[in-house]
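Work through the exercises below with the model open. Try each task before reading its solution.

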Amino acid sequence: MQDEWTEGAIQRITTESTTLKQRVRQLTTDNRTLDERLKAARSNLRFQDRRVADLEARIAEPAPKS
């Protein structure tokens, strides 16, 4: 089958393959970064939810009598 391909076609396909592999690596890295940011944001949200619940509970408590 390679006998039918021109040197230019082989070079073009090789270049495209290399470019696509680099793009896959970049997208994988980007995906990992976004996943880490999402996990951090979710953790932050859980912390804020607990903080809000704590503040709401403190507001709802009757004031101590002096």
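The exercises cover salt bridges, helix position and accessibility.

This is a predicted model, in which local features need pLDDT of at least 70, side-chain atom pairs count only at pLDDT 80 or more, and totals for chains, interfaces and linings use all residues. Residues are numbered from 1 along each chain as its sequence is written, and side-chain values use heavy atoms, with hydrogens and water left out.

**Exercise 1.** Find how many salt bridges the whole structure holds.

Solution. Apply the criterion: a side-chain nitrogen of Lys or Arg within 4 Å of a carboxyl oxygen of Asp or Glu. The search of the whole structure gives three.

**Exercise 2.** Analyse the pair Glu 16 and Arg 12.

Solution. Start with the distance: the closest N and O atoms are 3.3 Å apart. Next, the spacing: the two are four residues apart in helix H1, so about one helical turn separates them. Helices here are DSSP runs (H or I, at least four residues), numbered from the N terminus. Last, the accessibility: buried is under 20% relative accessible area, exposed over 50%, partly exposed in between (1.4 Å probe, protein chains only). Glu 16, at 40%, is therefore partly exposed. Arg 12 is partly exposed at 45%.

**Exercise 3.** Is Lys 39 buried or exposed? Describe its salt bridge too.

Solution. Lys 39 has 52% relative accessibility, so it counts as exposed. Its side chain meets that of Asp 35 at 3.3 Å, N to O. Asp 35 is partly exposed at 35%.

**Exercise 4.** Locate Ile 13.

Solution. Ile 13 sits in helix H1, residues 7-60. Its C-alpha atom is 21 Å from that of Leu 27, 14 residues apart along the chain.
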